[in-house]
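Okay, thanks for making time, everyone. I'd like to walk you through a sheet and some salt bridges, so let me put the structure up.

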Amino acid sequence: MSLTSGQAVDVLRAAGEPSRMRILALLAHEELAVLELCRVLDQSQPRVSRHLKLLAEAGLVERFPDGAWVFYRLVSGGEPRRLTDETLRLIDPADPVLLRDISRLQEVRAERSTEAGEYFARNAARWDEIRSLYISETAVEAAILKAAGSGPFKRLVDLGSGTGRMLTLLGPHAEAAVGLDLSQQMLNIARAHVADAGLARCELRHGDIFSTRLPGQSADLVVVHQVLHYLGDPGAAVREAGRLVAEGGRLIIVDFAPHNLEFLREQHQHRRLGFAEAEMERWLHEAGLAKVRAAALPPARRDGLTVKIWTGERVRQSNRSAA
């Protein structure tokens, strides 16, 4: 749907201010919390919040609270997004102000990465123990097996393998499996677990969930287990995971429903406190997947977390044609 002249003026007026243009350029890279934008822009929280309020009112950005934090991202589609993308495309990539902002954003990312790496290094050996404090693993794994189906699978890809539990759980049903993780400590533990399980055709790689370098549509089962809540741009990770799903294949995402346990952010490096169903469904559809389903597993203890298991499938071309 096209914009009216009045709507176009409102959108351009909202974007037509240096700090707001910088915010749009930053959000084109990833969703960011208000305090992160303050750090990059070197501006006060009230000032940045005022800019964000105007951008949100103009339909250029989306605001979503997440526990005690508030995140912002560019709207996912429509004419305001198209106008934003076109405007950003016209800006000189060598613009010194935007280059400085990107440099500061990289510093924020590096701090995040360092803190997460140190956390995983400290806790790699007892990772499963930490996870079991919040959820019933037996029930979750039974639900994952149900969501995956009986197989057999030609190729399984596990993104963010951690200790390798998804590989040892699903690997016996796969002809070949690949697990990626950025933590060498986690990979070492996963290798030991995979070897103990006798999974000879299972490969562990040091790899990035945002850029796996794996062939598109090359796996009939892709799993992202308890990873997204650590990431700066979970939607981008879902798109990359969806890219790997072959026709007739399936993507399984396991994570938490929205919650307010701020200590997970403070003590365990969680960036997002769970995901809303509509948000995850949108990401899966944007990744080209259909037949999206969600199952909820309530916590084993009153102060625990609800685990959600989302599945999406890439419809076979013949089925699309018939439809």
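Before I point at anything, a word on strands: helices (H or I, at least four residues) and strands (E, at least two) are DSSP runs, numbered from the N terminus. Two strands pair if DSSP finds at least two bridges between them.

And a caveat. This is a predicted model, where local features need pLDDT of at least 70 and side-chain atom pairs count only at pLDDT 80 or more, while totals for chains, interfaces and linings use all residues. Residues are numbered from 1 along each chain as its sequence is written, and side-chain values use heavy atoms, with hydrogens and water left out.

Right, the sheet. It's an open one with three strands in the order S1-S3-S2, paired antiparallel. S1 and S2, residues 61–66, are the edge strands, each pairing on one side only. Between S1 and S3 there are two bridges, antiparallel, and that's where Leu32 sits opposite Tyr72 of S3.

Over on the other side, S2 and S3 (residues 69–74) run antiparallel and are joined by six bridges. Phe64 faces Phe71 of S3 there, and Asp66 stands opposite Trp69, again in S3. The hairpin of these two strands has two residues between them, and Gly67 takes a positive phi near 65 degrees.

So how enclosed is S3? Take buried as under 20% relative accessible area, exposed as over 50%, and partly exposed as in between, with a 1.4 Å probe and protein chains only. Five of the six S3 residues are buried, so the strand is largely enclosed by the rest of the structure.

Now, salt bridges: a side-chain nitrogen of Lys or Arg within 4 Å of a carboxyl oxygen of Asp or Glu. The whole structure has 24 of them.

One of them pairs Arg272 with Glu31, closest N and O atoms 3.1 Å apart. These two are 241 residues apart: Arg272 is in the loop between helices H12 (263–268) and H13 (277–286), and Glu31 is in the loop between helix H2 (18–27) and strand S1 (32–33). Both residues are buried.

Then there's Arg82 with Glu79, at 2.7 Å. Both lie in helix H5, residues 79–90, three residues apart, about one turn. Arg82 is exposed, at 55% relative accessible area.

Last pair: Arg205 and Glu203, 2.8 Å from N to O. Arg205 is partly exposed at 30%, and Glu203 is too, at 37%. Elsewhere, salt bridges sharing partners join Glu31, Glu62, Arg73, Arg239, Arg272, Glu279, Arg282 and Glu286 into one network.
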